[in-house]
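Please look over the sequence and the structure below before reading on. The paragraphs that follow go through selected parts of the fold in turn.

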Amino acid sequence: MAAASAGIGQWYAELPATEIRATGEYFRALGYEPGEIPLDVQSCVDRIHPEDRASILGQIEAAVRGEVERFGFDHRLRCKDGSYRWFAVTGQLFAAAAGDRRAIICGSLVDVTDLKRNEIHAAELAEAARHAGERLNALADNAPVALFELRRDLDGGLSAPYFSAKLPDLFGVTAADLAQDVRAGLRWIHRDDLAALREQARRSAEDLCPGSARFRLRHPERGIRWYLGSSLPTAQPDGTVLWRCSVLDITDEIAAERRAARASAAQRLAHERLTTLAENSPGALFSLRQTRDGKMRFPYFTSRLPDLMGVPGTELRKSVGKAFRHVAPEDEAMVEDAFAQSLGTGARAEFKFRVEHPQKGTIWLLCSASPLRSADGAMWYGYMIDITERLEMESRAALAAAEAHDAMDRLASIAEIAPVGLYEAQRAPLGGLNFTYTSAHFNDLMGFPGGDVQRLQTHILERIHPDDLPQFLANIETTSQTLTLRRQRFRIFHPVRGMRWLDASATPREGPDGVLTWRGALYDVTADVEREADLRRAHGLAEKMRIENERQALHDGLTALPNRRFYDRVLAERLAEAGAGGPRDCVLIRIDLDHFKYVNDTLGHEAGDQVLIRVAEVLRGAIRAGDFAARIGGDEFAILLAPGMTRRHAQDVVERVQARLAEPMLYRGRPCRFGASFGIALCDDICSPDSDIQLFADAALYRAKASGRSRMQFFTRALHDSILNDRRLAAEIHEALERDEFVPFFQPQVCAMENRLVGAETLLRWRHPTKGLLAPSAFMHLAEQLRLVPEIDRLMMEKSRQALDRWRAAGLHLPKISFNVSSGRMHDPDVVSAARAMRSEETKVTFELLESILVEEESDAFRTHLAAVREAGIDIEIDDFGSGHASIIGLLEIAPSSLKIDRRIVAPVARDLRSRNLVRAIVEIAEALGIGTVAEGVETPDQVRILRGLGCQVLQGYLYSRPVDEAGFLAYATEKLRRRA
């Protein structure tokens, strides 16, 4: 029944006969009614997917030959509706008795199609070969108890065939130790309890009766813990004994029991209740499935669940609604919301609710369940436990504790109202102070939260700054003699807030027994001290600024910001101060305006000047006293933060600047569109030889601009390593040009309807002497910085022209060849002339432009360059179409010959209706504009079939060929022509 409810089909066969017998669930798994089709070896083999057949038959034959005892595999079987589904099969060969040539092979089959589908999205499900086993393990690991099996062999040896993940943690050992020797689990059991446990195990093995026991364990990390163990022994056919056991940590219950005993006279009743709980299974395990249509059922639950819910197990299996029919009406909505919210967020659902039990009356249950989504719905794995008595005991203990500490709570409440820390301390015999009372605010100020009196007594002096401690102790000595008011400011090292300034005031009193007692208050005056320090620093900085302003040569004439010379001097002063013992930390922010050249080109340099003045105003408004902002280049700025600033401070400054720069700016009624990129470098020691903070900030700024502009980038160690790598790579790029290591590769483009070669896309590759073949993404960003892209483009076009000549000589006439060209390279006359030289009556040349150009490029210069390209007879294609936000107007202005559909749209087209609809829409747009379509990234025949049906004209992708060199492309094209012939 358990196998059937889990969807597991079972089968067996007597060899050498060919007939196979199976359970009804086996037939239903294939879509048949039991007995609807005959089962024999050949029919089962015929149902195996052709791609799986050889491997599966090999494993089964090995088992039949006796080479392996057990076998297991995943494979596809053809079902009644003709579809193939994935099944997990396990089997074992049982040899016949001596003299009998027959043998029995048997096993099980379970549908794992959903698991196979989920492997695409979640690698963690790849090993879930059997759904029933995964469900049981998930339930066991989710439970508050540890589950395990213990086997005693005939010779008395012990082993653990199975244990849940919680058992090693409860027993304070590793899973590896426990798997190697189960006796490792006895290592930390309290010696006073070990003998009783062994005796109970001996009796259990003899009478095979269930048992349970409490015992203690000296956990290596958590100290003494109490556990409740339960076991069910069964005798095995081979004479061994197998216990199925559970262990629950009941330390909290024991503690609650003891607190209740101290708090009330109901110790006996509490003890009886705890004993009753210990003698019964502590909770119920269950799995709750919800299908996609919202229907719910319990695929699995332990026998404790019907008892807890007050509903017979037969009704639980029929209806989830009946399972919750005794839930208190006021809790019904909460229970439903908890499961719904858990499904929505994917988080564990944990809640308490009441049940109006038909026999027990109102009880409280605690439910905890974790959801796991699948293609056909969702499954919760959880447990439910009766917490009625625990809540009652905790309530009594809390009431007793509240009454015992009522007076102290009132005093603490009064103390908390005051904005100071209150304390009472007595003179210690060996010096120092013994604190007899401290308020919560005092503990917080000194960094001892939670009233840790013992640590406060022994470690409070360690919190005081070493420079202030002698004066602190001397002040105690003086006031103990004069009995006058004690008042002092001193610093402490707070464990969370860092260094803080405190002001202490106290009046000493001598008691009748001669003991001196100070009663006083403690104030946090850090803000006052910092304000005083800020005022002093501000005054000094103002004086320096006044002197420097008199020498106006240190300021920028346009923006009135400090200039590069002033910036260099301030940075040098920071270095000198750090070298003389001053603050050594430093935070530098480098700023570069984005699209500033566009403002100058379109609106004029006066508009550019107004942008620079606006940026200077924003910087002045964003920085604080002690920070330093400067204009260090044409559209470059820098901010040097005051010492002691952190990453958070730098981020706050940048965010303030970004917010102000985002505000619209008009020049003579026209908008000035610009942004800014920020590179931030922080170092703990500016004097360190490894701390070139300006280089670090420049590197971070470059990364910000390379990542899309208008961004903030912090310098990291990885970025530092990237700088070093880029330096090495830059030298290698120069050497690669000298050694002629850059080569063109070609990827075929095929007619969708006729399957003939219609063109090729040229792709740059670097034959690196040690790293092998490198794609442009590995080096082109650096080639752009080195201004080597024009030379590489010229080289690629020249080599491509030579390849075309050699192909023509070999009889290959390529209809079209395309190149990826940036908008900035279209104006290069060398690029246009090289493309014109490749054109012929039989070969067209095409430039592929990214779709983003339709959005980013709106200038007259771009349109002029585009006209020159068309005049040269070169076609334009829009690359990666669908990845940006191009407008129809932009397409009309550029008038491309084709749209290349982005591979991210093409990839899911065989399985995703939305992708097919999107491709159809793009094709319709192209047809409406009279232009062609090219699908990139085609990898499967299904994609070809669908794209052809949607009207896509040209296909390109790994299905036809990966990018290949000149010889490889010639071989591909020749073979293509031979097949067509």
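**A walk through the model**

The second largest cavity has a lining made of Tyr423, Leu433, Ile476, Arg486, Ala506 and Trp518. By class, five of these lining residues are nonpolar, none is polar and one is charged. The space inside this second largest cavity is about 40 Å³. In the whole protein the count is two cavities of 30 Å³ or more. The model is a predicted one.

Some overall values give the setting. The protein has 981 residues, and buried residues make up 44% of them. Its secondary structure consists of 37 helices and 36 strands. Of the contacts between residues at least 6 apart in sequence, 56% join residues at least 24 apart. The accessible surface comes to about 51,300 Å², with 52% of it belonging to carbon and sulfur atoms.

Leu483 lies in the loop between α20 (469–482) and β18 (486–494). Although Leu483 is not a glycine, it has a positive phi of about 55°. Is Leu483 buried or partly exposed? Its relative accessibility is 37%, so it counts as partly exposed, the range for that class lying between 20% and 50%.

A second residue of this kind is His595, in the loop between β21 and α23 (596–603). His595 is not a glycine either, and its phi is positive at about 65°. At 44% relative accessibility, His595 counts as partly exposed.

His595 also leads to Phe674, since the two residues touch. Phe674 sits in the loop between β25 (670–671) and β26. With a relative accessible area of 14%, Phe674 is buried, because the cut-off for buried is under 20%. Which residues does Phe674 touch, not counting those up to four places away in sequence? They are Asp594, His595, Val599, Val611, Val615, Leu661 and Met665. Phe674 and Ala662 are 12 residues apart in sequence, and their C-alpha atoms are 8.7 Å apart in space.

Met665 is in contact with Arg614 as well. Arg614 belongs to helix α24 (residues 605–622). Arg614 has a relative accessibility of 12% and therefore counts as buried. Leaving aside neighbours within four places in sequence, the contacts of Arg614 are Arg660, Glu663, Pro664 and Met665.

Next comes helix α26 (residues 693–706), which has 14 residues. At 1.5 Å a residue α26 should span 20 Å, and its end C-alpha atoms are 20 Å apart, so the two values agree. The buried residues of α26 are Ile693, Phe696, Ala697, Ala699, Ala700, Leu701 and Ala704. An α-helix has 3.6 residues a turn, so residues three or four places apart point the same way. What covers the buried residues of α26? The cover includes the strands β21 (586–594), β26 (675–683) and β27 (712–714), along with the helix α27 (717–738). Just after α26, Gly708 takes a positive phi of about 130°.

Helix α29 (residues 789–809) can be read in a similar way. Its 21 residues should span 30 Å at 1.5 Å a residue, and the distance between its end C-alpha atoms is 30 Å, so the expected span is met. Buried residues in α29 are Val789, Ile792, Asp793, Leu795, Met796, Met797, Lys799, Ser800, Ala803, Leu804 and Trp807. Just after α29 comes Gly811, with a positive phi of about 95°.

Technical notes. Residues numbered from 1 in each chain as written. Predicted model: local features only at pLDDT ≥ 70, side-chain atom pairs only at ≥ 80, totals over all residues. Heavy atoms only, no water. 1 Å grid on protein atoms, 1.4 Å probe; cavity = no way out; pocket = protein on both sides within 12 Å on 5 of 7 lines; lining within 4 Å. Points joined across faces, edges and corners; volume = space filled by probe spheres on them. Nonpolar A, V, L, I, M, F, W, Y, C, P; charged D, E, K, R; others polar. Helix = DSSP H or I, 4+ residues; strand = E, 2+ residues; numbered from the N terminus. Buried < 20%, exposed > 50% of the residue type's maximum accessible area, 1.4 Å probe, protein only. Contact = heavy atoms within 4.5 Å. Areas by Shrake-Rupley, 256 points an atom, 1.4 Å probe, with all protein chains shown as cover. Expected span 1.5 Å × (residues − 1).
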